[in-house]
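I opened my notebook for a first look at this structure. My plan was to look up one sheet, then the helices.

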Amino acid sequence: MDDLANTNAAAAKPRILFVDDEPRILVALKALFRRDYDVLTADSGKAALAILRDGDVDVVVSDQRMPEMTGVEVLRLAKSLRPRAIRVLLTGYSDLSAILAAINDGEIFRFINKPWSNVDLRQTIAAAVKASTVDHVALAVDEDPTEKVYIPGIDDVGTLILDDDEASRISLQSVLGRDRAVYPAKNLDEGLGVLERHKIGVIITELTVGGEVVIDLLSALRQHHPSLVAIVLTAQSDAEQGIDLINRGQIYRFLSKPISEGLLRGSVNLAMRRFEILQKNPAQTLRLAAEAPPPAANDSRGMFKRIGRLFGLTA
């Protein structure tokens, strides 16, 4: 009877799959989490995919740099095999191309650097497990992203362009304005003004606008307006900011300037469809939950308070 009780207790635990080609890392992770979770380990991408084909998991945590298959590739395939599973990338270096691929292809929940803090890693895994409990609704769509599909009640929702380069704003508005309302803003205050006056489903923003980094803005919006879909369109490239965009902003896409008209329109069409799905299924926003923004005491410009008043003081 005791063995049966222990088996049932183990079965009730959330299942975490750790993927790393270093045995000592897998041993350390298993020791850290086996008390609270049913821990599975794989020493390669191929082994991880075999486990995923064999059974469901709640969270997949993969190292990035591995022989034969990178962590981003593992998580991209995990997304296809087990779409309910929450995906986390764990790596010992900041590779910009891997970070961007994690955003655009893997749609990962968090990016964690090695060596990790046990406290922080425990908190991240706990948040990922909580997110995995939400019944999964497909946030991707199969339609041709280059074709705009009329969505009742959503086509009245606008797109905010946040960019301090006038030529860029004009170009983006010219392309996207054919499909739906587009509101340009050249600084954060103007952007917040647009959000106050109009219903916005998608925000397209530069990394830095008017000399201010937009990560705090995106972080606050993620907390208070979690169905808003963010796309970063930039001429800049920065690995550390890319990590922040994942962990604190949960952005949908990271795109580089110059951008083709087809890719731009397709990305915004898909983003707007995602906004519609999140509006209809608000519980899904938990699967996109970001790290908490800095304390309000650090809000010298009053941005967080302003966003809190606009969308409600709780996410």
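I looked up Leu160 first: its bridge partner is Tyr183 in strand 7. Strand 6 (residues 158-162) runs parallel to strand 7, and 4 bridges join them. I take helices (H or I, at least four residues) and strands (E, at least two) as DSSP runs, numbered from the N terminus. The model is predicted, so I note its limits: local features need pLDDT of at least 70, side-chain atom pairs count only at pLDDT 80 or more, and totals for chains, interfaces and linings use all residues. Residues are numbered from 1 along each chain as its sequence is written, and side-chain values use heavy atoms, without hydrogens and water.

Next I traced the sheet. It is open, has 5 strands in the order 7-6-8-11-12, and pairs in parallel. Two strands pair if DSSP finds at least two bridges between them. Strand 7 (182-185) and strand 12 (253-256) are at the edges with a single partner strand each, so one side of each lacks a neighbour in the sheet.

What packs on the sheet, touching strand 6, strand 7, strand 8 (200-205) and strand 11 (229-234)? I found helix 7 (residues 166-176), whose direction makes about 175° with that of strand 7. Contact means heavy atoms within 4.5 Å. Angles run from 0 to 180 degrees between N-to-C directions, with axes fitted to C-alpha atoms, for helices over the stretch in contact. I also saw helix 9 (residues 215-224) lying across strand 6, strand 8 and strand 11, at about 165° to strand 8.
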